[in-house]
Amino acid sequence: MDVLTLPAYGKINLTLKVLGRRSDGYHNLSTIFQSIALADRLTFSRCREGIRLETSGLPVPQGPENLAYRAAARLQSRYGFPGVRITLKKQIPLAAGLAGGSADAAATLIGVNALFNLGLTPGQLAREGAALGSDVPFCVIGGTALGRGRGEELSLLPPLPTLWLVLVKPSFGVSTAAVYRGWDASPGQTPMEAPDEERALAAIRRGDRAGIMASLGNDLEAVTCRLYPEVMAIKMRLLAEGAERAVMCGSGPAVFGVAADGETARRIASRLQETYPETIVTRTL
Ligand code: C5P
């Protein structure tokens, strides 16, 4: 194999509970991750030496600040291969809570492993990913999964009935670390709708869309909305335009609205696009 192209799917969190701060500064979570169709695209080919990253689409760094670069560098130093050229077409909004950087890192682990026949199993790739970021192991596995610990202890769940989503991102991004610091400052804050993980798990196992919809929620939403009130305004706007639910993605600031079907999602998106040009229609995988 000389060239390999892979999609790198973003994610949302159907439920996200913050259980508490750990002694290493991270936070223990319990979260249901869900892959979405919105994806970056990465192409991998061999080169004589080094790591060459070329990007197009949304602007991202081309050096070691890029998680895809770091993923390739990690496999190169630990398992050895001459060199890889990576082209990244960036489409997932940055610093949005959609795990765009983590998805690129995961695709790079998978792509480099395949291109150079390194022989790592998906479980080993997920463990390599945990050293790069808390969401990378999920992005290696994909689909629907319960994440514990920092998010890296994963149990697979059955696929969801398709949910049509309107993703809305304000013009700014947020730092995940800053949001968790905000949680530390006032840990008891409850979001507008508390996540109901048990109900969500039961509903996912039954394929019960209404039950899933009723259990969505994100503990970090209250923190990010306090730091950036525009996130709450986006939630309200999505609901006013006809979304059945509107919940923040990860540490934010993007919000996903759930629509009854694809046509409704496109109608809601066209209204939101007037204010928020980075509005995207997608669906769960
Ligand atoms: O693991 P990742 O690089 O995505 O995390 C970025 C930052 O977010 C961490 O440095 C930490 O401050 C915070 N974080 C956390 N608990 C998690 C995940 C992330 O405190 N479970």
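## Contact between the two domains

In this predicted model, 23 residues of domain 1 are in contact with 32 residues of domain 2. On the side of domain 1 that touches domain 2, two elements each give two or more residues: strand 1 (3-21) and strand 2 (27-46). Strand 1 provides the largest share of that side, eight residues. Sorted by class, the side of domain 1 that touches domain 2 holds 15 nonpolar residues, six polar residues and two charged residues.

The domain assignment of the chain places domain 1 at residues 3-157 and domain 2 at residues 164-283. Taken over C-alpha atoms, the centres of domain 1 and domain 2 are 22 Å apart.

## Surroundings of the ligand

The ligand is surrounded by residues of both domains: domain 1 and domain 2 each contribute at least three residues to the shell. The residues around the ligand are G25, Y26, H27, L29, G133, S134, D135, R150, G151, T176, A177 and Y180.

Strand 2 and helix 5 (176-185) each supply at least two residues of this shell. Helix 5 gives the most, with three residues. Strand 2 therefore appears in two settings, as it is also one of the elements on the side of domain 1 that touches domain 2. By class, the shell around the ligand comprises four nonpolar, six polar and two charged residues.

## Packing of helix 1 against helix 2

Two packed helices are described by the angle between their axes and the distance between the axes. For helix 1 (residues 67-79) and helix 2 (residues 100-115), the axes come within 7 Å and cross at roughly 30 degrees. The crossing in which helix 1 passes helix 2 is right-handed.

Helix 1 makes this contact through L67, A68, R70, A71, A72 and L75, while helix 2 takes part with G101, S102, D104, A105, T108, L109 and V112. The contact of helix 1 with helix 2 has eight nonpolar residues, together with three polar and two charged residues.

## Backbone features

Most residues other than glycine have a negative phi, and most peptide bonds are trans. Two places in the chain depart from these patterns. A cis peptide bond joins G252 and P253, with omega at about 5 degrees. P253 lies in the loop between strand 9 (245-248) and strand 10 (255-259).

The second place is A95, a residue other than glycine whose phi is positive, near 45 degrees. A95 lies in the loop that runs between strand 4 (83-90) and helix 2.

## Confidence of the prediction

Where pLDDT is low, the predicted coordinates should not be read in detail. In this model the chain averages a pLDDT of 96, and 100% of the residues score at least 70. For the complex, the predictor gives an ipTM of 0.98 and a pTM of 0.97.

How values were computed: Residues are numbered from 1 along each chain as its sequence is written. This is a predicted model: local features need pLDDT of at least 70, side-chain atom pairs count only at pLDDT 80 or more; totals for chains, interfaces and linings use all residues. Domain bounds come from an automatic or database domain assignment. Two residues are in contact if their C-beta atoms, placed from the backbone, lie within 7 Å. Helices (H or I, at least four residues) and strands (E, at least two) are DSSP runs, numbered from the N terminus. Ala, Val, Leu, Ile, Met, Phe, Trp, Tyr, Cys and Pro count as nonpolar, Asp, Glu, Lys and Arg as charged, and the others, Gly among them, as polar. A residue is near a molecule or strand if its C-beta atom, placed from the backbone, lies within 6 Å of it. pLDDT is the predictor's confidence in each residue, from 0 to 100. Axes are lines fitted to C-alpha atoms, for helices over the stretch in contact, and angles run from 0 to 180 degrees between N-to-C directions. A crossing is left-handed if the near helix is turned anticlockwise from the far one by less than a right angle, and right-handed if clockwise.
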